[in-house]
Every structure is written in C-alpha cells, then in structure tokens.
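Hi,

Here is the structure I promised to pass on to you. Have a look at it first, and then read my notes underneath.

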Amino acid sequence: MKSISLYEEKGSILNKLAPESKILYIILALVLPAIVGSKMVSVVFIAISIGLLLFSKVLKKTIPILGVSGFVLLTVVIIQGLFRAGNVTPLLTLGPVIFYKEGLLFAFNIVVNVLNILLSFCVLILATKPSDMIENFVRKGFSPRFGYVFISVFQIIPQMTETMATITDAQRSRGMETEGNLLVRIKAFLPLISPVVMSSLINTKERALALEVRGFNAKNKKTFLNDEKKSSADKYIQITMILLLIAGIVWRVVGCLK
Amino acid sequence: MSKIVVENLKYKYPATDFLALDGISFSAKAGEFIGIIGKNGSGKSTLCQAIAGLVPNFYKGSYGGKVMVDDIEVKNVDISDLCEKVGTVFQNPFNQVTGSKLTVYEEISFGLENLGIPKEEMIQRIDEAMELLDITKYKDRNPFDLSGGQMQRMAIASIIAMQPEVIVLDEPTSQLDPQGREEVYQAVQKLSKKGITIFMVEHNMEKIASYSDRVLIIDDGKQIAYDTPQKIFSRDDLDEYGIEAPAFTKICRELGKKNPVTGCYPVTLEEANDLLKKDKGEM
C-alpha cells in the first residue's frame with residue numbers, strides 16, 4: 001500500500017536514534033542562530049543537516065521538497081536583488097539588469113533561514129517512523145487517543161484515496177464524465193465526493209466499534225509491543241545539544257553585558 | 001452454571017420508532033456454541049452488540065431487560081472493561097483494521113497494548129492466535145494489503161489474542177472462500193472446546209447445523225426459537241422466517257426420514273448418511 005509518510009527504513013544511524021533527539025536537533029537548529037544572532041550558525045546547521053541526510057542515504061528524497069521551495073526562493077532572490085528599497089551598491093550587471101548587494105544579502109538571509117528549517121525538519125521526517133515518534137510521546141504521557149489519530153492518518157488517508165478511485169471507476173462505468181475541461185470536472189465533483197464522505201462516515205462508525213471492543217478506552221496503563229526507540233548515544237546527543245543551547249544563551253547574555 | 005443470561009431484552013435505537021430487539025430471553029453455558037439465524041434486518045447484529053455491551057453503551061437508545069455475563073450486568077460496565085470478557089468480531093474485516101499499525105503482528109497487539117499485557121505475554125499470545133488462524137506467514141505484511149479473508153482471520157486473531165471468555169462473531173465468514181470459512185469454523189470450534197462460549201451469526205445453514213450446540217432464531221427482533229439444530233431445522237415454519245434448512249434436512253424431509261430416537265430430521269451429512277444407511281440395512 002502507498003503510504004503518505006516520507007520515512008524510509010535505511011538502517012542508518014539517524015533511523016536508530018530516538019525521535020526526541022531529532023526533535024531537539026530541529027529546535028536547536030532554529031533557535032540557536034536566533035540567539036547567537038549570526039547567519040553563519042544557520043549555514044553551519046545547513047551543512048550539518050546535509051551531512052546527516054547524506055550519511056543516512058536520504059538526501060535524494062529532499063530534492064523534490066527543495067525543488068518546490070527552490071522555485072519560490074529563486075523569485076525572492078530575483079525580486080529582492082533587483083528591486084529592494086535601499087538598493088544602492090550594484091554587484092552584478094547582466095545587460096540592462098542590475099543586481100544590488102543589499103537586496104541580495106537580504107535574499108540570502110531568507111534563503112538560509114528557509115533551507116535551515118526545511119533541512120532540519122527533513123532530518124526528522126525522512127528518518128523517523130511516525131508511529132515510533134508518537135509511541136515515544138505516548139510513553140511520556142501524551143494521550144493515546146490523540147496518538148492514535150496522528151498515526152492512523154498515515155494509513156486512513158491513502159485508504160480514502162483508494163475508495164475515491166473505486167468510486168470514480170464505479171461512476172465512470174455508469175457513464176459519468178469525469179475527465180475533460182474544468183466544467184466537466186466540477187460537475188463530476190459532487191457525485192464523486194458525496195459517496196466518499198458518506199462511506200467514510202459509515203466506516204468511521206464501524207471502526208469506532210471495532211476499536212472500542214479492543215479496549216481503546218481502557219483506563220489501565222498501556223503497554224507496548226515494540227521497545228522504546230532509542231540508542232545508547234541518544235543521552236549524550238541530547239545533553240550535548242542542550243549544553244550548546246545553554247552555551248549560546250550565556251554567550252549572548254555575556255556579550256550584551258559587556 | 002450459565003455463562004450468559006439474557007432476560008427479556010428489549011432495545012430501540014435512538015431516533016427510530018420500532019424495537020430492534022423485543023423480548024429476547026435465553027441462556028448459554030460456558031463452552032457452548034450458539035448459532036444465531038434470521039433474515040436480514042431481523043436484529044441479529046443488534047443482539048451481538050448487546051452481548052458485547054455496545055448496545056446500549058455505544059449507541060444509547062432505550063433499553064429494557066438485562067444481559068448478564070457471569071455476574072456482571074453488561075449495561076453497567078464500560079465496554080473497555082467488558083472487552084476482556086467478551087470479544088466481538090464484526091462483519092466487515094476492512095473496518096476492523098485499526099489503521100495505526102504497520103504490520104499484521106503489530107495489528108494483533110493493539111488490543112493487548114490497550115489492556116496493558118506485559119510484552120513477553122503479548123508475544124506469546126500473538127504467536128498462538130496467529131498459529132490458530134494460520135496467518136503466521138503474513139506476519140510482516142501491511143494489514144491493508146491482505147485479502148478480505150486474510151484480513152478477517154487477522155481480525156479474529158486480534159480478538160482471540162485478548163483471550164475473552166465469550167466470543168461473538170457477526171457473520172465473520174461472509175468474505176471468505178469455502179476453504180477459509182471451514183478454517184475459521186475449525187478454529188472457532190477449537191476455542192469452544194477450550195470452554196469459550198461462542199455466538200455466531202451466519203447465513204450458511206450447513207455450517208450452523210454442524211457446529212452449533214444450540215440455535216437461536218430471531219425474526220423482527222423477536223425470539224422465535226432457541227433449541228438444538230435438529231429441532232430447529234425440523235420446524236415446519238422455517239420459510240416464514242426466511243430460513244432455509246440445510247440440504248440434508250430438506251432431502252430427508254422429502255423422503256420422510258426422521259431420526260427415530262429424537263423424532264427430528266437429520267441436519268448434517270453424517271447424520272443423514274447414518275440414517276439412510278440404517279434404513280437400507282433394514283430393507
């Protein structure tokens with residue numbers, strides 16, 4: 001079955017780490033540059049993220065993600081480089097087009113921030129099984145009901161897409177036009193979506209019953225079939241990251257006091 | 001002692017104006033295999049859900065009479081507590097997949113995790129249940145990738161692993177091929193021999209006739225009869241309730257061959273065979 005999760009098991013070090021370590025990494029990668037106030041820190045984190053992704057053999061999967069945002073970023077660079085208010089120092093002249101230093105620097109900051117956010121999230125998303133992450137949260141006291149909602153989405157949505165395809169086929173076999181120009185598609189939308197919604201509602205009721213008889217609402221403490229996802233390195237990694245964060249804060253505070 | 005006692009059970013779904021169940025009373029002993037038959041919409045599924053406590057605790061609605069499992073009245077306990085005693089398998093295998101687990105093995109663990117069973121015991125129970133329903137070979141597959149029959153067997157295994165004392169199966173074999181159906185019946189019969197009380201809704205009368213200890217006929221929410229399969233299928237008014245007796249019974253009825261001891265028509269191949277052989281010998 002097709003999953004909407006981007007995760008892939010590669011047996012890499014990132015796969016073996018606890019999800020918490022990776023979440024902490026995201027927090028560090030986003031907060032530390034702001035605390036220290038230097039773009040260089042962001043660049044370092046981008047390099048670390050790329051290194052980690054490369055090492056986990058999932059760098060390739062970031063290409064489509066970067067492709068979409070890359071297009072937006074390119075327009076940012078062009079617009080800011082050409083037209084930003086306060087552009088005075090010409091840096092690059094291509095015929096009649098002049099790129100200015102101030103605008104490009106501003107655009108560079110945005111690009112660095114976006115890349116940093118995207119890549120650090122990729123470190124988590126591409127290398128963590130969603131159910132492992134939620135299960136670790138549930139172990140730490142997160143509500144199992146919400147946990148169920150988050151995990152089941154990954155399977156229920158592809159399931160609904162499949163139902164949608166079945167219904168489309170069924171309606172088509174009865175002579176309904178589902179392909180063609182925009183108007184045809186809009187007209188086909190209602191007869192397609194209403195059976196999907198209705199069947200989903202019925203399925204949800206039946207699934208609720210089935211969950212109920214399997215103790216979904218049991219009040220006793222849950223146990224887990226799978227062991228908690230963590231490695232011996234996790235503790236050290238988490239401590240190191242927290243120390244780095246504290247060091248960043250101290251450095252900034254001391255810098256201000258001087 | 002009776003494991004399950006149902007006393008004058010009446011039930012009306014919310015926002016309807018007819019009784020889905022109307023005055024059902026019966027009892028079943030531990031280890032009994034009870035078949036529930038009747039036409040579509042007669043209240044079979046509602047009765048199943050009443051035994052599991054889903055009626056009235058999940059649906060609400062008006063409820064009268066009582067259902068006792070051991071000495072617990074199901075109305076007064078949470079479904080999540082009752083599910084340790086009464087397991088339920090539904091008709092549609094697809095909607096019984098939780099959707100939160102990625103493999104068959106983990107899927108079966110869902111109920112056990114909720115009940116707080118320690119890991120070692122969980123593994124042992126899952127292995128046992130998978131063995132019993134012959135799905136060990138699918139253990140690492142995604143639950144949604146199974147066929148209907150495999151999925152249903154997984155659903156049954158998930159319930160069996162919770163080790164309830166009563167199992168209610170609501171048309172569990174409607175998605176299965178004849179061989180799969182036979183396998184499920186064999187597995188369920190094994191459980192029944194272990195002392196688990198079984199309630200089975202089924203449209204296949206040959207299966208009901210050969211496996212049930214007693215059969216309950218429901219029509220329009222009312223209890224028509226509760227007796228041994230031989231007596232049930234020897235009734236003359238089965239047509240009225242949309243029930244067709246097993247082929248062996250029909251043949252013997254046409255031939256006028258009754259079992260001289262019980263005064264009933266035979267309901268299984270073996271019984272019919274014995275009776276006809278005996279007749280031949282006498283001739």
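Below is what I found, going from the contact between the chains down to single pairs of residues. Keep in mind that this is a predicted model.

**Where the two chains meet**

Chain B puts 44 residues into the contact, and chain A puts in 34 residues. Together they bury about 3400 Å², with 54% of that on carbon and sulfur atoms. Three residues to click on are Asn95(B), Glu113(B) and Asn114(B): they supply 19% of the area that chain B buries against chain A, more than any other three residues. There are also 3 salt bridges between chain B and chain A. For a look at how Asp78(B) pairs with Lys219(A), zoom in on their salt bridge, where the closest N and O atoms are 2.5 Å apart.

**Two domains in chain B**

The domain assignment splits chain B into domain 1 (1–85 + 166–178 + 198–238) and domain 2 (246–283). Their centres, taken over C-alpha atoms, are separated by 29 Å. In the contact, 11 residues of domain 1 of chain B touch 10 residues of domain 2 of chain B. The area buried between these two domains of chain B is about 820 Å², and carbon and sulfur atoms give 63% of it. On the domain 1 side, Glu206(B), Gln230(B) and Ser234(B) supply 54% of the area buried against domain 2 of chain B, more than any other three residues. The salt bridge count between the two domains is 1.

**A helix to look at in chain A**

Does the length of helix H4 of chain A agree with what you would expect, or disagree? With 25 residues (59–83) at 1.5 Å a residue, the helix should span 36 Å, and its end C-alpha atoms are 34 Å apart, so the two agree. H4(A) does bend, though, by about 35° at Leu66(A). Its buried residues include Thr62(A), Ser69(A), Leu73(A) and Val76(A). The buried residues of H4(A) pack against helix H3 (39–55), strand E2 (97–100) and helix H5 (101–125) of chain A.

**Salt bridges across the sequence**

Over all chains, the structure holds 25 salt bridges. In one of them, the side chains of Lys140(A) and Glu228(A) meet at 3.5 Å, N to O. Lys140(A) is in the loop between helices H6 and H7 of chain A and Glu228(A) is in the loop between helices H8 and H9 of chain A, so the pair ties together parts that are 88 residues apart in sequence. Lys140(A) is exposed, at 57% relative accessible area, while Glu228(A) is partly exposed at 29%.

In chain B, try Glu165(B) and Lys3(B), whose side chains form a salt bridge of 2.6 Å, N to O. Glu165(B) sits in the loop between helix H6 and strand E7 of chain B and Lys3(B) in strand E1 of chain B, so this pair ties together parts 162 residues apart in sequence. Is Lys3(B) buried or exposed? Lys3(B) is buried, because its relative accessible area is 11% and the cut-off for buried is under 20%. Glu165(B), on the other hand, is partly exposed at 30%.

Then there is Asp22(B) with Lys222(B), whose closest N and O atoms are 3.6 Å apart in a salt bridge. Asp22(B) belongs to strand E2 of chain B and Lys222(B) to strand E10 of chain B, 200 residues apart. Finally, Lys3(B), Asp70(B), Lys85(B) and Glu165(B) are joined into one network by salt bridges that share partners.

Cheers

Definitions and conventions: Residues numbered from 1 in each chain as written. Chains lettered and ligands numbered in written order. Predicted model: local features only at pLDDT ≥ 70, side-chain atom pairs only at ≥ 80, totals over all residues. Heavy atoms only, no water. Helix = DSSP H or I, 4+ residues; strand = E, 2+ residues; numbered from the N terminus. Expected span 1.5 Å × (residues − 1). Bend = angle between axes of the 7 residues up to and from the residue. Buried < 20%, exposed > 50% of the residue type's maximum accessible area, 1.4 Å probe, protein only. Contact = heavy atoms within 4.5 Å. Domains from an automatic or database assignment. Buried area = accessible area lost by both parts, 1.4 Å probe. Salt bridge = Lys/Arg side-chain N within 4 Å of Asp/Glu carboxyl O.
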